[in-house]
Amino acid sequence: MTAHQNDTDPSGISDFLLNCFVTSPGWQLWLSLPLSLLFLLAMGANAVLLITIRLEASLHEPMYYLLSLLSLLDIVLCLTVIPKVLAIFWFDLRLISFSACFLQMYIMNSFLAMESCTFMVMAFDHYIAICHPLRYPSIITDQFVIKAVIFIVARNVFLCMPNPILSARLYYCGRNVIENCICANMSVSGLSCDDVTLNRLYQFAAGWTLLGSDLILIFLSYILILRAVLKLKAEGAVAKALSTCSSHFILILFFSTILLVFVLTHVAKRKVSPDVPVLLNVLHHVIPAALNPIVYGLRTQEIKQGIQRLLKKGW
């Protein structure tokens, strides 16, 4: 299919075609069912978690407010990516408008960075809870959560804005087939006839500044937590402290592992199929979203009890 010409559009095209798996088109068929099930699981589990935290007065605490924010971010990321991918898989609806493509790019970039930043704030919450338990009620307050949410949103809304703007300002001289399931920055800007060095530099700098700084601070928090835990003398105190952090640590590990594998496959793209990073990119928007509420729901006694109480009221 050729590009739709638009005289008012400086780019020369008005829409793109998303071509998911170039070398392995058969992947679409067997991926559609597990992906749709993961999507439904992510939506359902996050909705249950949000309703439970909203209705259970015992969960109206800073830690659970941060968990609610994580669930909201997961829902938005899932809704931004997965329905369009499934529409491609099932109905071959590969067309996406110029503006919708750059809006998707912006939401993916900013909300992924917000999720990383939320993990960092949660790590700080755990650090205060374990290393300074007596000061916890005076530091981690509702006001702290409000300020943290403003910081998370403001930092990532503004710092992620240049990427789609830079890509949208490029001249696209006819090629409109994006070899990806989503409007990833480099997949889109690579179609341009202009020099994309600035795009690449900004993406690299913003990625390492935002995600890199978050992961470093999370890592430092856990070093300090581990050091404090090993000094505990009371019986069962070490197990209790580690149990408090385990859910958060599991999710961070999964979040960062998928990102790391995605980066490594891009670096070694000559040695792996070009469809592998595309698949990882899609999965990164749904698997953590499905896992986050389940891991916290299963490993946090208060949430588990809250869900059980709501189910009893419902029945």
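Here are some notes to help you find your way around this structure, which is a predicted model.

1. The sheet. A good place to start is the open sheet, where three strands are arranged in the order β2-β1-β3 with mixed pairing. The edges are held by β2 (95-97) and β3 (177-178). Each of these has a single partner strand, so one side of each has no neighbour in the sheet.

2. How the strands pair. On one side, β1 and β2 run antiparallel and are joined by three bridges. You can find one contact point by looking at Asp-15, whose bridge partner in β2 is Ser-97. With β3, on the other hand, β1 pairs in the parallel sense, over two bridges. Here Leu-17 sits opposite Val-177 of β3, and Leu-18 sits opposite Ile-178 of that strand.

3. The two faces of β1. In a regular strand, side chains alternate between the two faces of the sheet. In β1, Asp-15 and Leu-17 point one way, while Phe-16 and Leu-18 point the other way. Are these four residues buried or exposed? All of them are buried.

4. A helix against the sheet. Next, look at α3, which packs on the sheet and touches β1, β2 and β3. The direction of α3 makes about 85° with that of β2. This helix spans residues 98-131, and α3 comes back in the points on aromatic rings and on the cavity below.

5. A stacked ring pair. The structure holds 15 aromatic pairs. One of them is worth a visit: the ring centres of Phe-16 and Phe-98 are 5.7 Å apart and their planes lie at 20°, so this pair counts as stacked. Which parts of the chain does the pair link? Phe-16 belongs to strand β1 (residues 15-18) and Phe-98 to helix α3, and the two are 82 residues apart, so the pair links distant parts of the chain. Phe-16 is buried, with a relative accessible area of 0%. Phe-98 also counts as buried, because its relative accessibility is 13% and the cut-off for buried is under 20%.

6. The ring cluster. The stacked pair is part of a wider group: ring pairs join Phe-16, Phe-98, Phe-102 and Tyr-172 into a cluster. Two members of this cluster, Phe-102 and Tyr-172, are also in contact with Ser-167, which is the subject of the next point.

7. Ser-167 and its surroundings. Ser-167 sits in helix α6 (residues 162-168) and counts as buried, at 0% relative accessibility. Which residues does Ser-167 contact, leaving aside its neighbours within four places in sequence? They are Phe-102, Met-105, Tyr-172, Asn-185, Ser-189 and Asn-199. Of these, Asn-185 is 18 residues from Ser-167 in sequence, with 7.1 Å between the two C-alpha atoms.

8. From Asp-92 into β2. In the loop between α2 and β2 you will find Asp-92. This residue has a positive phi of about 55°, although it is not a glycine. Further along, Leu-95 lies in strand β2 and counts as partly exposed, at 39% relative accessibility. Leu-95 and Ala-113 are 18 residues apart in sequence, and their C-alpha atoms are 27 Å apart in space.

9. The cavity. The structure holds one cavity of 30 Å³ or more. How much space lies in the largest cavity? The value is about 40 Å³. Its lining is made up of Asp-74, Leu-77, Leu-112, Glu-115, Phe-255, His-284, His-285, Pro-288 and Ala-289. The elements giving two or more residues to this lining are α2 (62-91), α3 and α11 (287-299).

10. Leu-298 in α11. To finish, look at Leu-298, which is also found in helix α11. Leu-298 counts as exposed, at 59% relative accessibility. Along the chain, Leu-298 and Ser-247 are 51 residues apart, while 9.0 Å separates their C-alpha atoms.

Key. Residues numbered from 1 in each chain as written. Predicted model: local features only at pLDDT ≥ 70, side-chain atom pairs only at ≥ 80, totals over all residues. Heavy atoms only, no water. Phe/Tyr/Trp six-rings, centres within 6.5 Å; stacked < 30°, edge-to-face > 60°. Buried < 20%, exposed > 50% of the residue type's maximum accessible area, 1.4 Å probe, protein only. Pairing = 2+ DSSP bridges. Contact = heavy atoms within 4.5 Å. Axes fitted to C-alpha atoms, helices over the stretch in contact; angles between N-to-C directions. 1 Å grid on protein atoms, 1.4 Å probe; cavity = no way out; pocket = protein on both sides within 12 Å on 5 of 7 lines; lining within 4 Å. Points joined across faces, edges and corners; volume = space filled by probe spheres on them.
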